[in-house]
Amino acid sequence: MRKPIIAGNWKMFKTVPEALAFAAEVKGKAEVDGVDSVICAPFTNLPALVEALKGTQVKVGAQNLHFEDNGAFTGEISGLMLKELGVEYVIIGHSERRAYFAETDEIVNKKVLAAFKHGLTPIVCVGEKLEEREAGQTKDVCRVQTLGAFEGVSAEQAVQVVVAYEPIWAIGTGKSSTADDANEVIGYIREQLAGKYGAAVADAIRIQYGGSVKPGNIREYMQQSHIDGALVGGASLEPASYIQLVEGA
Ligand code: PEP
């Protein structure tokens, strides 16, 4: 049985006082046995959030890392630095990073390997653009991105990866993929992982859906056979909504 996982992606939102107010609200509430709960916050919030959520079931994640441990990479943060803070998860290859910061499949792969080097759990995002969907390329895009991200990843590591299938046209648009469509693509991603690692490993890998998930639709996704949780942007910013998402999983 795969344990469901809800991850909030705050993107570039919340100051430290706002993050601490959120943590105070969700403590003891966004904590449901049998569900993993993770808040992926801006770098500036991470030390305060790790401290505020210590001892709770709400874990803290970053939204990016550099693949080197240190060096002349102005403005970047490494896995080594995140681990030192007590961060446990890191989002890798979000479509906004692929689109605005030119992250390729190769860079995403290097970041996945760097996350493992430092004991961080990667949440690897894959998904197609609207024009790719309309051209019937959804599965091809997801196959290439998924297998690219898992290059050089051992079976022992693979079972720890969380994949987030996020059709780009559904992110922040209010247009979510139907649960059936998302399940079909996620089932296809799982098949690709089975081709690489075998069915037992593929069946253990958690794959989330992401794209305009909210308290009102989380249950539809969770009822699907291949969907193991959600990566949530907008609806993770309000404590009440985040708590309902974790409860809904
Ligand atoms: C995301 O940021 O990964 C996301 C899915 O955003 P939203 O839930 O706002 O669509």
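**A tour from the ligand to the barrel**

Begin at glycine 172, where a backbone N or O atom lies 2.6 Å from an oxygen atom of the ligand. The model on display is a predicted one.

Next, select serine 212: a polar backbone atom of this residue is 2.8 Å from an oxygen atom of the ligand. Then show the side chain of asparagine 9, which places an N or O atom 3.1 Å from a ligand oxygen atom. With the ligand still in view, add the protein surface. Of the 290 Å² of accessible area that the ligand has on its own, the protein covers 95%.

Now display the whole shell around the ligand, which consists of 14 residues. The closest of them are Lys11, Glu166, Gly172, Ser212 and Gly233. Colouring this shell by class gives eight polar, four nonpolar and two charged residues.

Switch to a cartoon view and select the strands. Eight of them close into a barrel, running in the order β1-β2-β3-β4-β5-β6-β7-β8 with parallel pairing. On average, neighbouring strands of this sheet are turned by 25° against each other, direction ignored.

For one pair in detail, select residues 121-126, which form strand β5, and residues 162-165, which form strand β6. These two strands pair in the parallel sense over four bridges. Within this pair, valine 126 of the model stands opposite tyrosine 165 in β6.

Finally, add helix α9, residues 179-197, which packs on the sheet. Helix α9 touches β5, β6 and β7, the last of these being residues 206-210. The direction of the helix makes about 150° with that of β7.

Terms used:
Residues are numbered from 1 along each chain as its sequence is written. This is a predicted model: local features need pLDDT of at least 70, side-chain atom pairs count only at pLDDT 80 or more; totals for chains, interfaces and linings use all residues. Side-chain values use heavy atoms; hydrogens and water are left out. A residue is near a molecule or strand if one of its heavy atoms lies within 4 Å of it. A polar contact is a pair of N or O atoms within 3.5 Å; within protein, one must be able to donate a hydrogen and the other to accept it, and residues adjacent in sequence count only if both atoms are side-chain atoms. Accessible areas come from the Shrake-Rupley method with a 1.4 Å probe; for residues, only the protein chains shown count as cover. Ala, Val, Leu, Ile, Met, Phe, Trp, Tyr, Cys and Pro count as nonpolar, Asp, Glu, Lys and Arg as charged, and the others, Gly among them, as polar. Two strands pair if DSSP finds at least two bridges between them. Axes are lines fitted to C-alpha atoms, for helices over the stretch in contact, and angles run from 0 to 180 degrees between N-to-C directions. Contact means heavy atoms within 4.5 Å.
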